[in-house]
Amino acid sequence: MDASLVRRKGAIDVATVPSVSYSITVRLEVPAGGKAVSQLTHAVESAGGVVTALDVTNAGHEKLRIDVTCAARDTDHAQQIVDQLEAVEGVVIHKVSDRTFLMHLGGKIEMQSKVPLRNRDELSMAYTPGVARVSMAIARNPEDARRLTIKRNSVAVVTDGSAVLGLGNIGPAAALPVMEGKAALFKRFAGIDAWPICLDTQDVDEIVSIVRAIAPGFGGINLEDISAPRCFEVEARLRDLLDIPVFHDDQHGTAICVLAALTNALRVVEKRIEDVRITMAGAGAAGTAVLRLLLAAGARNVIVCDYLGAVHLGRDDLDDSLRWIAEHTNAEGYSGDLRGAVKGADVFVGVSAPGILTGDDIATMASNAVVFALANPEPEVSPDDAREHAAVVATGRSDYPNQINNVLAFPGVFRGLLDAQATEVTEQMLLAAAGALAAVVTPEELGPNYIVPSVFHPDVSTAVAAAVRESAGGRARGFTEA
Ligand SMILES: NC(=O)c1ccc[n+]([C@@H]2O[C@H](COP(=O)([O-])OP(=O)(O)OC[C@H]3O[C@@H](n4cnc5c(N)ncnc54)[C@H](O)[C@@H]3O)[C@@H](O)[C@H]2O)c1
Ligand SMILES: O=C(O)C[C@H](O)C(=O)O
């Protein structure tokens, strides 16, 4: 692996406890009958790791071969664990495997044929000459493509590799594992066949032209990890050009999840979205879309801050997107910094940068404050510190309650869009999706530590899909019958 990437990953890694994403399997040999076996677990634990499995894979009279699987905090910590194991008397280390890398060998997804190809008959129907009649039927009636091809269940996951997770502009090849993962999530949570398309260009005109050209084979386009502000233009132009829905997940998936979570958080603290003062950090891809949806849902009093402080009409650096924000927020023209904007606020929503607020800042918020610190992987404020002063705290992290992640939204959104044969994505659909996601949490379940359902909750994607389909005025799901 590229050394700079290792350093970068190390730099952004904030894990303080062993995590399965840094899980290793150490294949080693120990003398049979000695004390070494019982010392292995102790060795891992004394290095601060956690043993998750210990398999004896080969037992001889003299030696045992054992696979010790354990979780570490990061790659350096994993090496410390291996060193500690090697220090046990009689232990010989054979091989160390990083389980996350093992999972990626050869990629995470594959294409499979749905039809049998066992003999000449089947071949001549699935392919030539039989397929020609199907092609001609579509040539006569292009609408038939949805009935007779994969189009009706296919989504292109398109990236230019310019804003990949928290890793930045790492390019199209390095973006591929993330896009494969996204495709796997589409399948797992909504049965959708999604295809990673990693483009070797970051030119807006070229991206638009390529996506337009490949669109006929897809029922929807999911734009992914394209940096702001280019992502706004790419999406707007493609929406104008295409007759299938175009959805930039970093914008609208985030917005749906934040609105759903805020709806439930405000239920917990018994406040109304129309009445609360909301301070946001982040006016990029996520922040802009979150703001738009919160306003559409009735929020009236919002201040947005970016890295220069509050966005207001007096600033001389406003591009189109920031000008829109200035025109629709901050009616009193507050021109100070984020810290000042947080004082007295009922809600803080961060989609910006790590560690920019402290617990003391959260203490200056209104009583029963709601704090969504969503920067990944390190939130805007430590969730432990925020919890000292706020009534409800959510992050993007899986090791705290109330994890807000787009996977709660995008599979269901696309399921609904595809089933409705939707041609566009509307704000009404996003609001409906957020409402449905919030409603998956029942009044009995709702509480400060449960404002969004688990991604594994069986109702999440079906509830979101139904809301989007209905909002799209869509046909019932049965349309997928030939
Ligand atoms: N948890 C989730 O579901 C989720 C979803 C989307 C984005 N995010 C996270 O939100 C963050 C932003 O994502 P994005 O795609 O919008 O990025 P982006 O680069 O488009 O926008 C980042 C914004 O943060 C602002 N910012 C930077 N430093 C700041 C500071 N000190 N104070 C206030 N604002 C500051 C920038 O000015 C910019 O407006 C990332 O950390 C991302 O991981 C989380
Ligand atoms: O897409 C995700 O799941 C990650 C999130 O959008 C992020 O940018 O941190």
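These legends walk through several close-up views of a predicted model. Residues are numbered from 1 along each chain as its sequence is written, while chains are lettered from A and ligands numbered from 1 in the order in which they are written. In this predicted model, local features need pLDDT of at least 70, side-chain atom pairs count only at pLDDT 80 or more, and totals for chains, interfaces and linings use all residues, with side-chain values taken from heavy atoms and hydrogens and water left out.

**View 1. The annotated domain at residues 106-239.** An unreviewed UniProt entry places "domain: Malic enzyme N-terminal" on this stretch; UniProt positions follow the numbering used here, feature names are shortened, and annotations may be inferred rather than shown by experiment. Across residues 106-239 the chain is 48% helix and 12% strand, and the C-alpha atoms at the two ends are 34 Å apart. Helices (H or I, at least four residues) and strands (E, at least two) are DSSP runs, numbered from the N terminus.

**View 2. An aromatic cluster of Phe186, Phe247, Phe410 and Phe414.** The whole structure holds 4 aromatic pairs. Rings of Phe, Tyr and Trp (its six-membered ring) pair if their centres lie within 6.5 Å; planes under 30 degrees apart count as stacked, over 60 as edge-to-face and the rest as tilted. Phe186 and Phe414 have ring centres 5.4 Å apart and planes at 75°, so this pair is edge-to-face. It joins distant parts of the chain, with Phe186 in helix 8 (residues 171-190) and Phe414 in helix 17 (residues 410-419), 228 residues apart. Phe414 also forms an edge-to-face pair with Phe247, at 5.5 Å centre to centre and 80° between the planes. Here Phe247 lies in strand 8 (residues 246-248), 167 residues from Phe414. Phe186 has 0% relative accessibility and counts as buried, and Phe247 and Phe414 are both buried too. Buried means under 20% relative accessible area, exposed over 50%, partly exposed in between (1.4 Å probe, protein chains only).

**View 3. Two charged ends over aromatic rings, from Lys182 and Arg292.** A charge sits over a ring if NZ of Lys or CZ of Arg is within 6 Å of the ring centre and within 35 degrees of the ring normal. Lys182 places its charged end over the ring of Phe410, 4.0 Å from the centre. For Arg292, the ring beneath is that of Trp324, with 3.8 Å to its centre.

**View 4. The surroundings of ligand 1.** Ligand 1 has 21 residues around it, the closest being Ala283, Ala285, Ala286, Leu374 and Ile404; a residue is near a molecule if one of its heavy atoms lies within 4 Å of it. Nitrogen atoms of ligand 1 make polar contacts (pairs of N or O atoms within 3.5 Å) with backbone atoms of Ile404 at 3.0 Å, Leu374 at 3.4 Å and Asp306 at 3.5 Å. On its own ligand 1 exposes 850 Å², and the protein buries 75% of that; accessible areas come from the Shrake-Rupley method with a 1.4 Å probe. Helix 12 (285-296) and strand 10 (301-306) are the elements that give two or more residues to this shell.

**View 5. Ligand 2 and its asparagine contacts.** Around ligand 2 you will find Asp250, Asn376, Asn405 and Asn406. Polar side-chain atoms reach oxygen atoms of ligand 2 at 2.8 Å from Asn376, 3.0 Å from Asn405 and 3.5 Å from Asn406. The protein covers 72% of the 260 Å² of accessible area that ligand 2 has alone.

Notes. A polar contact is a pair of N or O atoms within 3.5 Å; within protein, one must be able to donate a hydrogen and the other to accept it, and residues adjacent in sequence count only if both atoms are side-chain atoms.
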